[in-house]
Amino acid sequence: MRSPLIKDKIEDLVTRSARAVQVNRIYGRDHNLTHEAVISLHHIANDLLQQREDITLGVIGDEIAFEKEPLYELSARRKQFIEFLKQTGVRKISLTRGVGKKELLDFCLVLIARTELHEQKRDIQEMLEEKGITHVTVGEIGTGERRISLPEAEDRIRNRVKHTYRDSMQLLTQTFQELKGNQPLNVQSARQIVEGLIKNLLQNKNLLLILTSLKTHDENTFMHGINVAIFTLLQGEVLGLEEKYLTDVGMAAMLHD
C-alpha cells in the first residue's frame, strides 16, 4: 500500500503538471513563467523518481489514478486538466528515472499540439520520439495487461476497506473478551486496529465513512467502538495531528467504553 507521503507527492506532481501545461499554452515555451513551471515540475518528478524507478498516472473515467487507484479529491480539483488529457487522447503517462527538464517541456508542447485537429491523426509516440523524449511514454490504461474499469477500481478499493473494517471488528471483539476474562490488554492488537483504520482514513476517507452509516444485524458495542474511533480519527486528521498522535487518540476512542 502506498504511503500518505507518496500520495501527497503524486498529487503535487499532477498539480505542477497541470500548471506547466496551462502556463505553456498561455505564454509559450520561452517565457520565464513557463520555465519556472517546468523546473518546479521537474523537481517533484525527480524527487519521486529517486524513490522508485518509474511513475505511472492514468485517467480512468473522469478520475486521475495512480497505481490503478482513483484519486477522487484530487480529480475533483483537476477536472479541467483531466478533460485536457482526454482531449489529447492520452490515458496513461509514465515517467522514468532520468527524465530531464527539456523532456518535460517538450512533452507539454506535444500535449498542447495534440489538441489541434491536424495533429490528432498522428501517432503520439512518434511525436515524442521526434522531440527526443525517451523518459516519458504514453498509452492506454492496461497496455500489456487487462484494462481495469472505474467500477472495478472502486469495487477493489471498497472491498479492501470493508476487509479492514471487519478485521477491526474481530480484533476489537477479541480484545473485549480478553478484558472480560481479566486478561491484560493486548496493546499491540489494539494498535494494529487503529493503524489500519488510519491508513484507510487517509487514503479512502469517503468509503470508510460510508461504512460507519451502515446498519446491520450484527451492530453492537464493538461496531460502535470502531465507529467512534473513525470519527475521532477524522477530527484529529482535520486538526492536523501527526500520525503518531492519531494512533494514541484512536486507541483511546476505540476503547472508550
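A salt bridge, as the term is used here, is a side-chain nitrogen of Lys or Arg lying within 4 Å of a carboxyl oxygen of Asp or Glu. By that criterion Asp106 and Arg29 form a salt bridge in this predicted model, with their closest N and O atoms 3.3 Å apart. The two residues link distant parts of the chain, since Asp106 sits in helix H5 (residues 101–114) while Arg29 belongs to the loop between H1 and helix H2 (32–49), 77 residues apart. The two partners can also be described by their accessibility: Asp106 counts as buried because its relative accessibility is 2%, whereas Arg29, with a relative accessible area of 31%, is partly exposed.

**Overall architecture**

The protein comprises 257 residues, of which buried residues make up 44%, and its secondary structure consists of 11 helices and 5 strands. Of the contacts between residues at least 6 apart in sequence, 71% join residues that are at least 24 apart. The protein exposes about 13,900 Å², and carbon and sulfur atoms supply 50% of that area.

**Salt bridges**

The structure holds 9 salt bridges, and three of the pairs are set out below.

| Pair | N to O distance | Placement |
|---|---|---|
| Arg16 and Asp12 | 2.8 Å | both in helix H1 (residues 4–27) |
| Asp106 and Arg29 | 3.3 Å | helix H5 (residues 101–114); loop between H1 and helix H2 (32–49) |
| Glu53 and Arg97 | 3.3 Å | loop between H2 and strand S1 (54–60); loop between strand S4 (92–96) and H5 |

Arg16 and Asp12 are separated by about one helical turn, because they stand 4 residues apart in helix H1; Asp12, for its part, is partly exposed, with a relative accessible area of 26%. The side chains of Glu53 and Arg97 also meet in a salt bridge, and this pair links distant parts of the chain, its members being 44 residues apart. Glu53 is exposed, with a relative accessible area of 52%, while Arg97, at 39% relative accessibility, counts as partly exposed. In addition, salt bridges that share partners join Lys7, Glu11 and Arg77 into one network.

**The surroundings of Ser75**

Is Ser75, in helix H3 (residues 72–77), buried or exposed? Its relative accessibility is 2%, and because buried means under 20% relative accessible area, Ser75 counts as buried. A polar atom of the Ser75 side chain lies 2.8 Å from the backbone nitrogen of Ile64. When residues up to four places away in sequence are not counted, Ser75 touches Asp62, Glu63, Ile64 and Ile82, so that Ile64 appears both in this polar pairing and in the list of contacts.

**Residues at the surface**

Arg166 is placed in helix H7 (residues 150–180) and, at 53% relative accessibility, counts as exposed. Although Arg166 and Ile226 are 60 residues apart in sequence, their C-alpha atoms are 9.7 Å apart in space.

A nonpolar patch on the surface is formed by Leu239, Leu241 and Tyr245, which together have about 330 Å² of accessible area. Of these residues, Tyr245 is found in helix H11 (residues 243–254), and its 43% relative accessibility is the reason why Tyr245 counts as partly exposed.

Key:
Residues are numbered from 1 along each chain as its sequence is written. This is a predicted model: local features need pLDDT of at least 70, side-chain atom pairs count only at pLDDT 80 or more; totals for chains, interfaces and linings use all residues. Side-chain values use heavy atoms; hydrogens and water are left out. Patches are made of residues with over 30% relative accessible area and no salt bridge: like charges are joined within 9 Å, nonpolar side chains (Val, Leu, Ile, Met, Phe, Trp, Tyr) within 5 Å. Accessible areas come from the Shrake-Rupley method with a 1.4 Å probe; for residues, only the protein chains shown count as cover. Buried means under 20% relative accessible area, exposed over 50%, partly exposed in between (1.4 Å probe, protein chains only). A polar contact is a pair of N or O atoms within 3.5 Å; within protein, one must be able to donate a hydrogen and the other to accept it, and residues adjacent in sequence count only if both atoms are side-chain atoms. Contact means heavy atoms within 4.5 Å.
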